[in-house]
Amino acid sequence: ETVDIVKIITIHIIYSQAMIFSISRKIASALATAAMALSSSSCTIAAFSTRAIVSSAKIHSIGGSFRRSSTACILHAETIDGVDTDTVLPSFSTKEEYTSYLNAAGKLPSGFAIGTATGGFVSVEAPAMGELPIKATVIHLTEGPTDSWAAVFTSNKFPGCPVIVGKSRLSGGNQLQALVINNKVSNVCPGGDGIAAAESVCDAVATGLNLPGGASSVLPSSTGVIGWRLPAKELAEDIVPKAIEALQTESAFAAAEAIMTTDRYPKLRSKTLSDGTRIVGVAKGAGMIEPNMATMLGYIMTDATIEKSKLQGMLSEACNRSFNSISIDGDESTSDTVVAIASGLKPLSSEDEFQAALFEVTEGLSADLVRNGEGTGHVIRVRISNFPGSEYDARRMGRHLVNSPLVKCAISGNDPNTGRIAGAIGSFMGKFFPSESVDAMSLTLGGRIIFNNGQFVLEGDAVEKELSGHMANAQLGECDDFPTHQNFVEIGIDFGGSGSDVTVLGSDLTKEYVTVNADYRS
C-alpha cells in the first residue's frame, strides 16, 4: 500500500543579501537523505529540487510528494537547469565547495564551446628561468560567426599588441567566431613583432576550427609579464590545438581558471533571464588594477539576439558602473579588455531586463576582482552620495580614497584611524574642487557616523572597539584560495544637498601584496 508521508518536499534554499543565512547546497542533498529515513521501508521520492534565489532569509517547503512503496528505494532528483550565481555570493567553507558552485553556475549559453590547455615555453628575455607554464583558452561560437559583439579596451598609451589587433577588429566591423586568450605573457611592446605573433595564434585557431572568416574572425587577448615576446610557435603548434581538442559545451568554469595569473581563485558570474536567454561572464585580475574603460580581462557570453550597437552601448555603461569603479593598487594595465559576444540563438524579449542582468554580472565580477586582489585582506566599499560634480569625478574621488596608502594600511591593521579618511577626501576636494563647500559633508564607518558638521564624532573606547570590530569582521585571509565571505569595510560619504551617487570598491595594503609583486616573474 502506498501512503503519502510528505506532500511537500521541494526545498528552496534562499540566500539573504544581508547574508543572514549562508546555507550550503549540500544541505539539500542531506535533507533528501533524511526524508528517506522517515520511512521504515523502501521508498520513492517523486520529486526533489534545489534552487538558490536572493530574498529575505527563510526556508520554504513547497510542492512534491514522498511515498512509501514495496519497490526498491529510488531517489529521483530534479535539478533546475541553468543555475545562476547569487547576486551576493554565499559563504564557502572549502575551495571545493566554491569551485563546485561556480562550475554548476557556469553552464554555457547556447552556441558556445570552451577549451583550455597547458604547455611550456622558455622566455627569450629570461632564459635562465627555464621552462615556464603557459595556458591557452579558446572560446568558439559553434553555430557560426556573429557581428553582435562589443569590446572596451585600455586607454593606456602602451597597449598590448592583442589590444591593437582587437581595436582594429572592432573598428573594422569584423564578424567573430572565436576568441583566444593566453596567460603568462602579455605581449606588450615586445622586442619582436608582437602584432604578427598575435595574428599567428589567431591563424592557428582559425585553421584548427576551419573558420570561414579566417584569422580575422578570431579575437586575441594576452595577460602576464609585460615586455616579453609571445611564445607564438608554442601556442600555435602545441597549446592551441590541444585547447581545440578539449572544447566542451558544458561550463565556462575552465576558462575562468585558465585565464588566471596571480589570481588566487577563478571568478564567474551568471544570470538567466525570464525568457530563457543566458549571460555568463568570467574575469581575471588581481593586481595592476585601476581600470579606465575596461578591466584586466573579462569575457561575457550570451545567446540573446541583440544588435551590435545596442550591445556596445550597454557594455560601455556596464563597465563604467563596475570595472571603472574599482581599484586595487591604482595602476592601469596595458592589456585591459572586456568583450561581450552574442551567439544570437535565442530571441530576446526585453532589452531592459538584459541590461539589468548585464549590470549584475559585471558588478559581481568587479567585486570578485577586488576580493581576489593580490594580498587583499579587506575589501573597502565606499558609497558616495550627493557629490557636487559628475559621476566620473565622484568615482575619481572614491578611487583617490581607496588608493591612499595611509587609509589602506590602517584598514589592513583593523585600526579605525578615521582622520586618514577625512584627510584623503579633503586632499582630493582641495586639489580638484577648491570652490566646493564640504561643510555639510558627513562620514560613516560601518554605518556609524564618525564625522558631521565639520567635526569628528568619536566618543570613548566603546566606539573605537566597535569600529575596529567592523573592520575585523570584513577581514580575509591574504593567501586564501577561495572567498570565505562577502563582507566589506563600509565607508559612507554624503556631501548633502543634491549631486551624483556612486559606489567604489578598493582593497587594503598588506605585506603579502608586496611579496607577490616583488617575486612576480619568479
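# Helix packing, core and strand 18

Student: Is the crossing in which helix 7 passes helix 8 right-handed or left-handed?

Tutor: A crossing is left-handed if the near helix is turned anticlockwise from the far one by less than a right angle, and right-handed if clockwise. Helices (H or I, at least four residues) and strands (E, at least two) are DSSP runs, numbered from the N terminus. Helix 7 passes helix 8 in a crossing that is right-handed.

Student: What pLDDT do local features need in this predicted model?

Tutor: Residues are numbered from 1 along each chain as its sequence is written, and side-chain values use heavy atoms, leaving out hydrogens and water. In this predicted model, totals for chains, interfaces and linings use all residues, side-chain atom pairs count only at pLDDT 80 or more, and local features need pLDDT of at least 70.

Student: At what angle do the axes of helix 7 and helix 8 cross?

Tutor: Axes are lines fitted to C-alpha atoms, for helices over the stretch in contact, with angles from 0 to 180 degrees between N-to-C directions. Helix 7 spans residues 308–321 and helix 8 residues 351–371. Their axes come within 9 Å and cross at roughly 40°.

Student: How many residues of the contact of helix 7 with helix 8 are charged?

Tutor: Contact means heavy atoms within 4.5 Å. Helix 7 contributes residues including Lys 310, Met 314 and Arg 321, and helix 8 residues including Glu 351, Phe 354 and Glu 363. Asp, Glu, Lys and Arg count as charged, Ala, Val, Leu, Ile, Met, Phe, Trp, Tyr, Cys and Pro as nonpolar, and the others, Gly among them, as polar. The contact divides into seven nonpolar, two polar and, as charged residues, five.

Student: What percentage of the 522 residues of the chain count as buried?

Tutor: Buried means under 20% relative accessible area, exposed over 50%, and partly exposed in between (1.4 Å probe, protein chains only). The chain holds 13 helices and 23 strands. Of its 522 residues, the buried share is 52%.

Student: Which helix gives the largest share of the largest nonpolar core?

Tutor: Such a core is a set of buried Ala, Val, Leu, Ile, Met, Phe, Trp, Tyr and Cys residues joined through side-chain atoms within 4.5 Å. Of its 34 residues, Ile 139, Ala 252, Tyr 299, Met 301 and Ile 341 touch the most other members. The largest share, four residues, comes from helix 2.

Student: Which members of helix 9 does Ile 384 touch?

Tutor: Ile 384 is found in strand 18 (residues 379–387). Its relative accessibility is 1%, so Ile 384 counts as buried. Helix 9 (residues 391–402) has 12 residues, and its buried ones include Ala 394, Met 397 and Gly 398. Beyond four places in sequence, the contacts of Ile 384 include Ile 493, Phe 495 and, from helix 9, Ala 394, Met 397 and Gly 398.

Student: Why does Asn 386 count as buried or exposed, and at what relative accessibility?

Tutor: Asn 386 also sits in strand 18, with a positive phi near 55° although it is not a glycine. Among its contacts beyond four places in sequence are Asp 494, Gly 497 and Asp 501. Asn 386 counts as buried because its relative accessibility is 16%.

Student: What is the relative accessible area of Lys 184?

Tutor: Lys 184 lies in the loop between strand 11 (178–182) and helix 4. Its phi is positive, about 80°, and it is not a glycine. Lys 184 is partly exposed, with a relative accessible area of 23%.

Note on methods:
The expected span of a helix is 1.5 Å times one less than its number of residues.
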